[in-house]
Structures are given as C-alpha cells and as structure tokens.
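Reader: I've got a model open on my bench laptop and could use a hand reading it. Can we go through it together?

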Amino acid sequence: MAISAVIPVIDISGDQTEVARQLVQAAEDHGFIYIRNLGKDIAPAAVDEAFDLSKKIFDSPLEEKQRCTIQTNNRGWSGMHSETLDPKNQKVGDFKEAFNFGEFIDGKAQQPLPSPIAPYEPRFNAFADSCHALCTKLLYLLGLGLDVGDFFSSAHATSKGTSGSILRFLRYPAAESTSHSADDVRAGAHSDYGSITLLFRLKGQAGLEILKKDDTWAPVPVCPPGTEDDPSPPILINIGDLLSYWTNGLFRSTVHRVVFPADGGAGGGVAGESNSGTRYSIAFFCHPAGSTLLEPVPSERVKNFNLPEGTPNANPYAERKVMTADEHLYMRLKASYGTLYDEKKK
Ligand SMILES: O=C(O)CCC(=O)C(=O)O
Ligand SMILES: [Fe+2]
C-alpha cells in the first residue's frame with residue numbers, strides 16, 4: 001500500500017510574515033501546499049455550488065458540448081482522450097472530459113457555453129473571481145517570503161492585460177465503466193503550465209498522485225490529518241512551471257497524475273477514500289498577463305540557488321531563455337493537444 005505524500009497544511013489567516021515564510025519553504029520543498037479552507041477566502045458553499053454546476057456542464061447533451069469544443073485559445077470542452085498530458089509515455093489519451101473557462105469580461109464568458117449552463121454564467125464568473133483573488137493573495141505572500149514585494153502578484157493584475165488563466169472543470173468516468181489497461185492513466189504525468197494552481201476535490205475521491213524527490217509516486221489525500229472536521233477540504237495549491245521558471249527552479253513545479261485504482265476499487269492507500277465511481281475535480285490555473293517576460297525574479301535567495309545536479313522532476317521547460325508567458329503556454333498546449341494545434345495552422 002502506497003504511503004501518502006506528506007505536504008504542509010497551512011492556515012493563511014495567521015501572522016502574514018510567518019505564513020509567507022511557510023509558503024516559500026513549502027514551495028521549495030514540495031511544490032504542493034494544502035491551504036485550509038475555513039471559509040475565509042472561498043466559502044464552502046461556493047465550492048459545493050461549483051461542483052453542482054460541474055455536473056450540469058457534463059450532463060449537457062453531447063451536441064451542446066461539441067458545439068463548445070476546445071479551441072486554440074484553450075477555452076471550451078474537450079472529450080475523452082482528446083488531451084494527452086504525457087505524450088511520451090501514454091498509449092491512450094487521458095480518460096477524462098474537461099471544460100475550460102477563460103477570462104470573463106464584464107460578467108460575460110468570451111466563449112460559447114452549453115445552453116443548460118448559460119443561466120449560471122454569473123455564478124461561474126463569481127467563482128473564477130474568488131479563485132483569482134485567492135491566487136493573488138498567495139502570489140503576494142510568496143513574493144513577501146522571497147523579499148520581492150509584489151513582483152509576482154502585480155504581474156497577475158487584470159489591469160496588466162489578458163492572461164491565459166483558466167477555470168477548468170474535470171470529470172473522470174468511473175473506472176469500471178471504461179476499458180483500460182494496467183498502463184493507462186486518467187490524467188498523464190505532467191507539471192502545470194501556469195504560476196499557481198488551485199485544486200478542489202471531493203471528500204473520499206482518490207486518484208491524485210505526486211512524484212516525490214526519490215522518483216516514486218505517492219497518493220495525495222483529499223483531507224490530510226487535522227482537516228477532517230473543516231467545513232470544506234483544504235484547497236490544494238501547486239506551483240506551476242512559470243513560478244519555477246521565474247525562480248530558476250527554486251520553487252518546484254512538481255509532476256503529478258491521476259490514476260485508476262490498482263485493485264479495482266479501493267483507494268490508493270488512503271484511509272476513507274475510494275477510487276471507484278465518477279471522479280470530479282476543479283482546477284484554477286492562474287497565469288500572468290500574456291506579455292509578461294519570464295525573467296528571473298530579483299531575489300537573493302534565487303540568485304544563490306543552484307539546482308542540484310540530476311534533480312529528478314525538475315521542470316524540463318526551465319531552460320534559461322527569456323520568453324513571454326503566452327509563448328510558454330502555447331509551447332505546452334501544443335505538446336498535449338498536437339492535432340488541434342496542427343489543424344489550426346493549416
Ligand atoms: O483532477 C485532479 O485531481 C488533478 C488535475 C490536474 O492535475 C490538472 O488538470 O492539471
Ligand atoms: Fe495538473
């Protein structure tokens with residue numbers, strides 16, 4: 001039975017200097033952080049509502065979803081196997097469906113929506129806004145902890161221009177309803193493309209694993225010890241490639257994946273979790289304004305850091321060539337949705 005990942009659990013409402021120190025340490029050591037959800041930043045009822053809305057998206061008629069098929073702007077619906085997060089190792093694309101919302105303007109999604117969810121547009125917008133506000137707070141604290149003030153958070157201000165930020169709803173069909181082989185995964189191994197990601201999961205639903213420094217996989221419980229009685233499971237934060245890039249690898253953009261049950265139903269070794277049934281999750285990928293240059297952050301701690309030789313799981317895209325946030329995003333999307341991007345280029 002796999003041993004669960006040990007990831008710090010932080011209550012960000014405490015002394016801000018101390019919280020900033022803890023966040024930076026966790027970003028360096030793990031790249032994943034649990035933020036307790038005590039209802040101060042995102043109301044538990046808002047998370048519940050978002051999961052209800054997720055069901056409405058995916059239960060929409062197929063032709064409605066197809067009408068909103070994902071475009072090269074990374075917005076819209078992607079069906080089973082249309083994305084392959086780990087193209088080098090997967091024989092079959094991800095066993096999941098996803099729906100991506102890009103940025104809203106004046107309360108309006110800038111993309112077609114399946115008609116059953118159109119009446120809820122303001123609710124999706126409100127949820128995306130609260131996710132963005134929490135990301136801004138976390139990015140500010142990470143900057144504080146690195147002594148660079150608002151270097152990160154200000155690059156994510158909506159006033160700086162449009163960004164690749166995405167609110168993504170995910171549905172993974174029940175393992176027992178799909179025919180998959182032992183090598184198949186629900187979502188291939190990958191690191192996230194943005195600055196930070198917020199991940200919301202449902203109590204009891206196993207599947208997420210992270211790659212540890214020793215190159216072995218560990219399941220990530222939805223409710224780590226000490227949070228079982230919180231009003232909502234902690235929000236799982238992870239560092240994405242851009243923060244890793246900006247910090248020359250000091251912050252870890254940790255590789256993760258979503259797996260099928262190894263034994264046909266039990267959780268991945270996490271007490272109280274099951275790996276059967278349909279699995280839902282919601283991710284908010286926070287990106288800076290698309291024109292932001294990914295230059296190293298002017299921090300002493302970053303300057304003095306050298307990635308140890310042979311570190312597994314280091315961000316493979318962090319070669320030191322300054323590019324913009326949009327160039328980086330396009331490079332990553334092209335790798336996982338090859339044909340979509342090839343077709344568009346014709
Ligand atoms: O569904 C999950 O738990 C993780 C999803 C994920 O890693 C992603 O969409 O980038
Ligand atoms: Fe991810």
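Reader: Let's start with H4: why does the span of helix H4 agree with its 25 residues?

Author: Helices (H or I, at least four residues) and strands (E, at least two) are DSSP runs, numbered from the N terminus. The expected span of a helix is 1.5 Å times one less than its number of residues. H4 covers residues 121-145, so at 1.5 Å a residue it should span 36 Å, and its end C-alpha atoms are indeed 36 Å apart. After H4 comes aspartate 147, with a positive phi near 65°.

Author: A word on ground rules: this is a predicted model, where local features need pLDDT of at least 70, side-chain atom pairs count only at pLDDT 80 or more, and totals for chains, interfaces and linings use all residues. Residues are numbered from 1 along each chain as its sequence is written, while chains are lettered from A and ligands numbered from 1 in the order in which they are written.

Reader: Which strands make up the open sheet, and in what order?

Author: Strands of a sheet pair through backbone hydrogen bonds, either parallel or antiparallel. Here the order is E8-E13-E10-E11, four strands with antiparallel pairing; two strands pair if DSSP finds at least two bridges between them. E8 (187-190) and E11 (217-219) are the edge strands, each pairing on one side only.

Reader: How many bridges join E10 and E11?

Author: Three, with E10 being residues 208-211. Leucine 211 has tryptophan 217 of E11 as its bridge partner.
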